[in-house]
Amino acid sequence: MKKLEERILRDGVVKPGGILKVDSFLNHQIDTQLCYDMAKEICELYKDEEITKILTIEASGISIATMTGFVMGVPVVFAKKAMSKNISDNVYAVEVYSFTKKATKNVIVSKEYINPGDKILIVDDFLAMGSALEGLSSIAEQAGAQVVGAAIVVEKAFQPGGEKLRARGMRIESLARVASMSDDSLTFVEE
Ligand code: G4P
């Protein structure tokens with residue numbers, strides 16, 4: 001998505017360890033117009049699917065997921081990162097390892113909010129190693145729901161998550177795919 005790529009080039013900041021900071025428009029302050037434009041784009045990409053629910057993970061996936069849910073007219077469920085190891089019977093749970101944060105978290109969703117027969121679109125801000133997507137897919141599977149695909153704002157295409165999950169047959173639509181980044185340059189995958 002051209003507008004997003006231009007914004008990343010203008011306001012994104014590359015940090016050591018291959019981290020792209022987009023705090024000024026996505027992860028801390030949210031540019032609501034850009035968020036709305038991205039949600040419309042995601043809606044267009046998945047218009048032929050009868051999506052019943054959007055699933056994301058806290059924290060920074062929630063803004064784009066909510067806007068997308070609003071544009072599509074469907075509810076948004078966000079997985080919570082649980083502190084406790086005592087997981088109750090009323091939740092679907094999965095362990096998600098964050099390579100960026102070097103920590104494993106239990107991720108939970110109440111059984112009330114995902115049902116068999118739901119057609120789920122997973123929405124998230126970043127795709128890097130793919131562990132968040134894998135975890136959210138596992139939660140949808142536990143619920144007997146179908147994952148129609150995923151919509152991602154920024155895919156770091158130089159990390160293996162996207163390729164790994166596409167090879168397993170998952171539909172993943174990314175609005176910007178970063179091919180490489182360094183202190184002084186950032187390139188996108190040519191589509
Ligand atoms: P994954 O999300 O594809 O599994 O990859 P990874 O384990 O590397 O990512 C862990 C966390 O770091 C995720 O957020 C992910 O969105 C975020 N992340 C990964 N790469 C970048 C990056 O280049 N820039 C930014 N800003 N974030 C990145 P999270 O742990 O789920 O938490 P939260 O930050 O949404 O609260």
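**Exercise 1. In this predicted model, determine which strands and helix each supply at least two residues of the shell around the ligand, and which element gives the most to that shell.**

Solution. Begin with the secondary-structure elements: strand E2 (19-21), strand E5 (91-98), strand E7 (119-127) and helix H5 (131-142) each supply at least two residues of the shell around the ligand. Next, rank the contributions, which places E7 at the top, since E7 gives the most to the shell, with three residues. Then turn to the individual residues: 21 residues surround the ligand, and those that come nearest are Leu-20, Ser-60, Thr-100, Gly-130 and Ser-131. Finally, sort the shell by class, which yields 10 nonpolar, seven polar and four charged residues.

**Exercise 2. Identify which residues place polar atoms within 3.5 Å of an oxygen atom of the ligand, and establish how much of the ligand's accessible area the protein covers.**

Solution. Consider the side chains to start with: an N or O atom in the side chain of Thr-100 is 2.5 Å from an oxygen atom of the ligand, while for the side chain of Lys-81 the corresponding distance is 2.9 Å. Then consider the backbone, where a polar atom of Ala-132 is 3.1 Å from an oxygen atom of the ligand. As to cover, the ligand on its own has 690 Å² of accessible area, of which the protein covers 88%. The last step is to locate the ligand among the pockets: the space that the ligand takes is the largest pocket.

**Exercise 3. Describe the backbone geometry at the peptide bond from Glu-58 to Ala-59 and at Lys-102, and say where Ala-59 and Lys-102 lie.**

Solution. Recall that most residues other than glycine have a negative phi, and that most peptide bonds are trans. Against this, the bond from Glu-58 to Ala-59 is cis, with omega near 5°, and Ala-59 lies in the loop that runs between strand E3 (53-57) and helix H4 (62-72). Lys-102 has a positive phi, near 55°, although the residue is not a glycine, and Lys-102 is found in the loop between E5 and strand E6 (103-110).

**Exercise 4. Work out why the protein can be called as compact as a globular protein of its length.**

Solution. First take the secondary structure, which comes to six helices and 10 strands. The radius of gyration is 16 Å, close to the 16 Å that the globule rule gives for 191 residues, so the protein is as compact as a globular protein of that length. For its extents, the C-alpha trace spans about 50 × 35 × 35 Å along the principal axes.

Key
Residues numbered from 1 in each chain as written. Predicted model: local features only at pLDDT ≥ 70, side-chain atom pairs only at ≥ 80, totals over all residues. Heavy atoms only, no water. Near = heavy atom within 4 Å. Polar contact = N/O pair within 3.5 Å; in protein donor to acceptor, adjacent residues only side chain to side chain. Areas by Shrake-Rupley, 256 points an atom, 1.4 Å probe, with all protein chains shown as cover. 1 Å grid on protein atoms, 1.4 Å probe; cavity = no way out; pocket = protein on both sides within 12 Å on 5 of 7 lines; lining within 4 Å. Sits in = over half its atoms within 2 Å of the grid points. Helix = DSSP H or I, 4+ residues; strand = E, 2+ residues; numbered from the N terminus. Nonpolar A, V, L, I, M, F, W, Y, C, P; charged D, E, K, R; others polar. Rg over C-alpha atoms; globule rule 2.2 N^0.38 Å.
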